[in-house]
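Student: I would like to go through the labels attached to a model and check each one against its definition. Can we take them in turn?

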Amino acid sequence: MRSFLASNTKLKVLALVFALALWFFVAGQSRTEVGFLVPLGFKGIPKDMVMTSMPPDELEVRVTGPKLFINNLSPTQITAEIDLSGAREGLNAYRIQSKDIITPMGVEVQRLRPSSIEVKLEKVVRAELPVRAKLTGRPAAGYRVADVTVSPRTVAVTGTEKEMRKIKEVSTRPIDISGIDAPLNVKIQIDQAGLELRSLSVDSVEVRILPRKER
């Protein structure tokens with residue numbers, strides 16, 4: 001350790017002098033202010049809840065610092081993120097503070113706009129819903145659909161309580177059975193158009209349509 005400290009003493013002293021000179025140069029510069037639009041993010045959302053309100057996507061952040069820092073500063077170096085780990089179900093009001101903003105060293109937050117936001121959280125519920133095969137067309141003349149089987153017959157879905165109250169089943173995309181006179185097996189996607197769900201356990205199912213000749 002002693003030999004390490006003793007070696008290259010001149011270079012180390014020179015580096016220290018240079019660092020101190022740079023620091024005093026930066027610190028002695030006049031300070032300036034600039035504003036950026038920064039994406040507003042959220043973290044710590046409770047696992048059993050989802051955000052159902054639409055808070056602003058961006059935040060205007062005005063910062064000050066030495067000209068040397070500010071002139072080379074870009075919005076990507078600033079992060080705005082609000083911690084929702086303490087949020088409760090319903091409407092939550094947050095006052096955005098400097099601690100929610102991460103800036104490079106030497107740059108200080110002066111003002112934020114908006115300075116407060118409201119975030120609405122709702123509980124997520126899970127349910128098992130039946131899957132209905134949606135058929136279009138008619139089998140061949142003299143045939144009728146005798147049986148339709150769907151595998152899996154049910155899917156697990158999640159959504160808010162309000163969303164789930166409106167849904168009793170899910171259906172597949174249309175399956176054209178026009179002219180069939182023999183069993184038809186298809187893999188078909190679940191029709192998610194118009195569904196306000198947070199997740200589906202599967203996005204497609206196997207469907208078997210069995211036509212039978214009419215007597």
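Tutor: What follows is a set of questions on terms and the values behind them. This is a predicted model, where local features need pLDDT of at least 70, side-chain atom pairs count only at pLDDT 80 or more, and totals for chains, interfaces and linings use all residues. Residues are numbered from 1 along each chain as its sequence is written, and side-chain values use heavy atoms, with hydrogens and water left out.

Student: How many helices and strands are there in the chain, and what makes a run count?

Tutor: The chain has four helices and 16 strands. They are DSSP runs numbered from the N terminus, helices being H or I with at least four residues and strands being E with at least two.

Student: How do you know whether the chain is spread out or a compact globule?

Tutor: By its radius of gyration, taken over C-alpha atoms, set against the globule rule of 2.2 Å times the number of residues to the power 0.38. The rule gives 17 Å for 215 residues and the chain has 31 Å, so the chain is more spread out than a compact globule. The C-alpha trace spans about 105 × 45 × 30 Å along its principal axes.

Student: What percentage of the residues counts as buried, and what does buried mean?

Tutor: Buried means under 20% relative accessible area, exposed means over 50%, and partly exposed is in between (1.4 Å probe, protein chains only). Of the 215 residues, 32% count as buried.

Student: Why is Ser-204 called buried?

Tutor: Its relative accessibility is 17%, so Ser-204 counts as buried. Ser-204 lies in strand β16 (residues 204-213). Contact means heavy atoms within 4.5 Å; leaving aside neighbours within four places in sequence, Ser-204 is in contact with Lys-187, Ile-188, Gln-189 and Ile-190.

Student: Why is Val-148 called partly exposed?

Tutor: Val-148 has a relative accessible area of 32%, so it is partly exposed. Val-148 is in strand β10 (residues 143-151). Outside its neighbours within four places in sequence, Val-148 is in contact with Ala-133, Leu-135, Val-207, Arg-208 and Ile-209. Val-148 and Thr-64 are 84 residues apart in sequence and 68 Å apart in space, C-alpha to C-alpha.

Student: What is Pro-75 in contact with, leaving aside its neighbours within four places in sequence?

Tutor: Pro-75 is in contact with Phe-36 and Leu-37 on that count. Pro-75 lies in the loop between α3 (67-71) and β4 (79-83), and its 33% relative accessibility makes it partly exposed. From Pro-75 to Tyr-143 is 67 Å in space, C-alpha to C-alpha, at 68 residues apart in sequence.

Student: What makes Arg-62 and Glu-33 a salt bridge?

Tutor: A salt bridge is a side-chain nitrogen of Lys or Arg within 4 Å of a carboxyl oxygen of Asp or Glu. The side chains of Arg-62 and Glu-33 meet at 2.7 Å, N to O. Arg-62 lies in strand β3 (residues 58-66) and Glu-33 in strand β1 (residues 31-43), so the pair ties together parts that are 29 residues apart in sequence. Arg-62, at 25% relative accessibility, is partly exposed, as is Glu-33 at 32%.

Student: Which of Asp-100 and Lys-99 is buried and which is exposed?

Tutor: Asp-100 counts as buried at 11% relative accessibility, while Lys-99 is exposed with a relative accessible area of 64%. Asp-100 forms a salt bridge with Lys-99, their closest N and O atoms being 3.6 Å apart.

Student: How do you know that Lys-166 and Glu-196 meet in a salt bridge?

Tutor: Their N to O distance is 3.3 Å. Lys-166 is exposed, with a relative accessible area of 56%, and Glu-196 counts as partly exposed at 45% relative accessibility. Elsewhere, salt bridges that share partners join Glu-33, Glu-60, Arg-62, Arg-111 and Arg-113 into one network. The structure holds ten salt bridges.

Student: Where are the cis peptide bonds that join Arg-113 and Pro-114, and Ser-151 and Pro-152?

Tutor: Omega is about 0 degrees for the bond joining Arg-113 and Pro-114, and Pro-114 is in the loop between β7 (108-113) and β8 (116-132). From Ser-151 to Pro-152 the bond is cis with omega near -5 degrees, and Pro-152 is in the loop between β10 and β11 (154-160). Most peptide bonds are trans.
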